[in-house]
Amino acid sequence: MIPLFPFQQEAVDAVFRDWAAGHQAVVVSLPTGAGKTLVAATIAQRAYHERPEPILVLVPSDEILRQTVDEIAVVWEGIAIGIIQQQIRQWRCPLLVASVATLVRHLDELPPMGLVITDEAHHADAPMWQAIYRAIARRAPHVRHVGLTATPFRTDRGGDAHALAMFPTLSYARSMFDLIAEGFLAPLCGMGIHSA
């Protein structure tokens, strides 16, 4: 297993603490570059060792799917990862990484899940994602969820921020500025171009 930075381990521990407290769907907010996929893979591995039930990782695009599969394979050596993407549907693996656009067209084939991990969880309130969550809940009403995002709030047309309905519990959050100050992320640097 790849060692985690302290803030990543805190995020993992916070998720399990909130699940133990009865919160079924939780969200972790970390900025871009902070290793959300590493956190997700560690959560998946620990959850599977505690309860060996199938795990589904939802991703918003084919590009992110390939990156996610590669990163999980590094963290969790030896796990059989099934891919649900375009014409590929490998349902019989203990861990599935699925493109939302493909999975939503094959919900009748989806087996019961023990854990759902949503990457880019700020998309979770969209109708296509909600259709997937409803199908999962019909098969496994007590499934645990964790969402990962850099932006755990949505802004409505009036400019007001709202928590994600799918993930009512914010388990852990660190800002980009926190992680820059602690040396985990590079400092921001701006450049301007002047034109005549």
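What follows is a chat between a biologist and a modeller about this predicted model.

Biologist: Let's start with the whole fold. How many helices and strands are there in the protein chain?

Modeller: The C-alpha trace of this predicted chain spans about 60 × 40 × 35 Å along its principal axes. Into that go 6 helices and 10 strands.

Biologist: What radius of gyration does the protein chain have, set against a compact globule?

Modeller: For 196 residues, the compact-globule rule gives a radius of gyration near 16 Å. The chain agrees with that rule, and its value is 17 Å.

Biologist: And what percentage of the residues is buried?

Modeller: Start with the outside: the accessible surface comes to about 10,200 Å², and 56% of it belongs to carbon and sulfur atoms. As for contacts with a separation of 6 or more, 71% are between residues 24 or more positions apart. Of the 196 residues, the buried share is 48%.

Biologist: On to helix α1. How far apart are its end C-alpha atoms, and what span should its residues give?

Modeller: Helix α1 runs over residues 6-20, which is 15 residues. At 1.5 Å a residue the helix should span 21 Å, and the distance between the end C-alpha atoms agrees, at 21 Å.

Biologist: Which residue follows α1 with a positive phi?

Modeller: The phi in question is near 100°. It belongs to Gly22.

Biologist: What covers the buried residues of α1?

Modeller: The buried residues in α1 include Phe7, Val12, Phe16 and Trp19. Their cover comes from both strands and helices, including β1, β6, β7, β10, α2 and α6.

Biologist: Take Val15 in that helix. Which residues does Val15 touch, leaving out those up to four places away in sequence?

Modeller: Val15 has a relative accessible area of 0%, so it counts as buried. By contrast, Ala101, 86 residues away along the chain, has its C-alpha atom 27 Å from that of Val15. The residues that Val15 touches are Val26, Val28, Ile43, Val146 and Ser171.

Biologist: Is Ser29 buried or exposed, and which strand holds its contact Thr149?

Modeller: Ser29 sits in strand β1 and has 6% relative accessibility, so it is buried. Its contacts include Thr149, Leu170 and Tyr172. Thr149 is itself buried at 0%, and its strand is β7.

Biologist: Now charges. Which residue of α1 forms a salt bridge with Arg46, and how many residues apart are the two?

Modeller: Side chains of opposite charge can pair when their charged atoms come close. Here the N to O distance is 3.0 Å, between Arg46 and Asp13. Arg46 lies in α2 and Asp13 in α1, so the salt bridge ties together parts of the chain 33 residues apart: the partner is Asp13.

Biologist: Which residue in α2 also meets Arg46 in a salt bridge?

Modeller: This second pair has an N to O distance of 3.6 Å. The two residues are 4 apart in helix α2, which means about one helical turn between them. At 48% relative accessibility the partner counts as partly exposed, and its name is Glu50.

Biologist: Where in the chain is the partner of Arg89?

Modeller: Arg89 and Glu109 meet in a salt bridge at 3.6 Å, N to O. The pair links distant parts of the chain, with Arg89 in strand β4 and Glu109, 20 residues apart from it, in the loop between α4 and β6.

Biologist: Which residues are linked in a network of salt bridges?

Modeller: The count comes to 8 salt bridges. A network of them links Glu10, Arg174, Asp178 and Glu182.

Biologist: Which residues have a positive phi although they are not glycines?

Modeller: One lies in the loop between β3 and β4, with a phi of about 50°. The other is found in the loop between β6 and α5, with a phi of about 55°. Respectively, they are partly exposed at 44% and 22%, and their names are Gln86 and Glu120.

Biologist: Last one: which residues make the nonpolar surface patch of about 310 Å²?

Modeller: One member lies in helix α6, namely Phe177. At 55% relative accessibility, Phe177 counts as exposed because the cut-off is over 50%. The patch is made by Met176, Phe177 and Leu188.

Methods:
Residues numbered from 1 in each chain as written. Predicted model: local features only at pLDDT ≥ 70, side-chain atom pairs only at ≥ 80, totals over all residues. Heavy atoms only, no water. Expected span 1.5 Å × (residues − 1). Buried < 20%, exposed > 50% of the residue type's maximum accessible area, 1.4 Å probe, protein only. Contact = heavy atoms within 4.5 Å. Patch = residues over 30% accessible without salt bridge, like charges linked within 9 Å, V, L, I, M, F, W, Y side chains within 5 Å. Areas by Shrake-Rupley, 256 points an atom, 1.4 Å probe, with all protein chains shown as cover. Salt bridge = Lys/Arg side-chain N within 4 Å of Asp/Glu carboxyl O. Rg over C-alpha atoms; globule rule 2.2 N^0.38 Å.
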